[in-house]
Amino acid sequence: MIMISLLLIVNKNRFLLFRRTDNNRYSLPGGHVEKGETPLDAVIREIGEELSLTIPNVSLVGTYPYGKEYINVYYYNNSDFDESKIVLNDEHSEYRWFTYYEIISSQDVADNLDKIVSDYLRNN
């Protein structure tokens, strides 16, 4: 089974999304779980690679089917999150904070992101 791990960064009910260079849409950072790696280890590694951040204390939002793959979405909620420490790699061109309303009304965000954020809000 192929798995992907993504991270939802939350600060005061705003959600940090990253514009991907391959499709120009805002999405969550993360990537494929490598052989011998747990989904949690993968999200920590991917955040280091893509954003140059070390994120402690993440929790699972849920696991979602995505074609023949499964996506594990974790969240990090910290009102002291310092976005100035982010250093993007070549997978992302920019980032910005979105409200839930902006996510559900935007054509520029990844598919199913509204469901993930709804699940997060329902459970937190």
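By class, 10 nonpolar, 6 polar and 7 charged residues line the largest pocket; here Ala, Val, Leu, Ile, Met, Phe, Trp, Tyr, Cys and Pro count as nonpolar, Asp, Glu, Lys and Arg as charged, and the others, Gly among them, as polar. This is a predicted model, in which local features need pLDDT of at least 70 and side-chain atom pairs count only at pLDDT 80 or more, while totals for chains, interfaces and linings use all residues. Residues are numbered from 1 along each chain as its sequence is written, and side-chain values use heavy atoms, with hydrogens and water left out.

Let us stay with the pocket for a moment. Its volume is about 640 Å³, and of its 23 lining residues, Leu-6, Ser-27, Tyr-66, Ile-71 and Ala-110 lie nearest the centre. A pocket is found on a 1 Å grid over the protein atoms alone, as an open set of points where a 1.4 Å probe fits, with protein on both sides within 12 Å along at least five of seven lines; a lining residue has an atom within 4 Å of a point. Grid points are joined across faces, edges and corners, and the volume is the space filled by probe spheres set on the points. At least two lining residues come from each of E1, strand E4 (30-32), E5, E6 and H3. These labels are DSSP runs numbered from the N terminus, helices being H or I with at least four residues and strands E with at least two.

Now turn to the interior. In soluble globular proteins, nonpolar side chains tend to be buried together. The largest nonpolar core here has 20 residues, and Leu-8, Leu-17, Leu-28, Val-73 and Ile-103 touch the most other members. Such a core is a set of buried Ala, Val, Leu, Ile, Met, Phe, Trp, Tyr and Cys residues joined through side-chain atoms within 4.5 Å, where buried means under 20% relative accessible area, exposed over 50%, and partly exposed in between (1.4 Å probe, protein chains only). Strands E1 (2-11), E2 (14-20), E5 (59-66) and E6 (69-77), together with helix H3 (113-123), each give two or more residues to this core. A second, separate core has 15 residues, including Ile-9, Phe-18, Leu-53 and Tyr-74.

Helix H3 is worth following further. Leu-113, Ile-116, Val-117, Ser-118, Asp-119 and Tyr-120 are its buried residues, and they pack against E1, E2, strand E3 (26-27), E5, E6 and H2. One link to E6 can be seen from Val-73: leaving aside neighbours within four places in sequence, this residue is in contact (heavy atoms within 4.5 Å) with Ile-116, and also with others including Leu-6, Leu-8, Leu-28 and Tyr-64.

What does strand E6 hold besides Val-73? Tyr-75 is placed in this strand, and so is Asn-72. Tyr-75 is buried, because its relative accessible area is 16%. Its side chain joins that of Asn-124 through a polar contact of 2.9 Å, meaning a pair of N or O atoms within 3.5 Å; within protein, one must be able to donate a hydrogen and the other to accept it, and residues adjacent in sequence count only if both atoms are side-chain atoms. Among the further contacts of Tyr-75, beyond four places in sequence, are Leu-7, Leu-8, Val-61 and Tyr-120. Asn-72 is buried too, with a relative accessible area of 5%, and its side chain makes a polar contact with that of Thr-63 at 2.9 Å.

Strand E2 brings us to Arg-19. Why does this arginine count as buried? Its relative accessibility is 14%. The side chain of Arg-19 reaches the backbone oxygen of Asn-24 at 2.7 Å and makes a polar contact of 3.4 Å with the side chain of Tyr-26. Beyond four places in sequence, Arg-19 also has contacts with Glu-91, His-92 and Asp-108, among others.

We can finish with two loops and a helix. Asn-13, in the loop between E1 and E2, has a phi near 60 degrees, a positive value in a residue other than glycine; at 51% relative accessibility, Asn-13 is exposed. In the loop between H2 and H3 sits Asn-112, whose phi is near 70 degrees, also positive in a residue other than glycine. Asn-112 is partly exposed, with a relative accessible area of 48%. Glu-102, in helix H2 (residues 100-105), is partly exposed at 30% relative accessibility, and its contacts beyond four places in sequence are Arg-96 and Trp-97.
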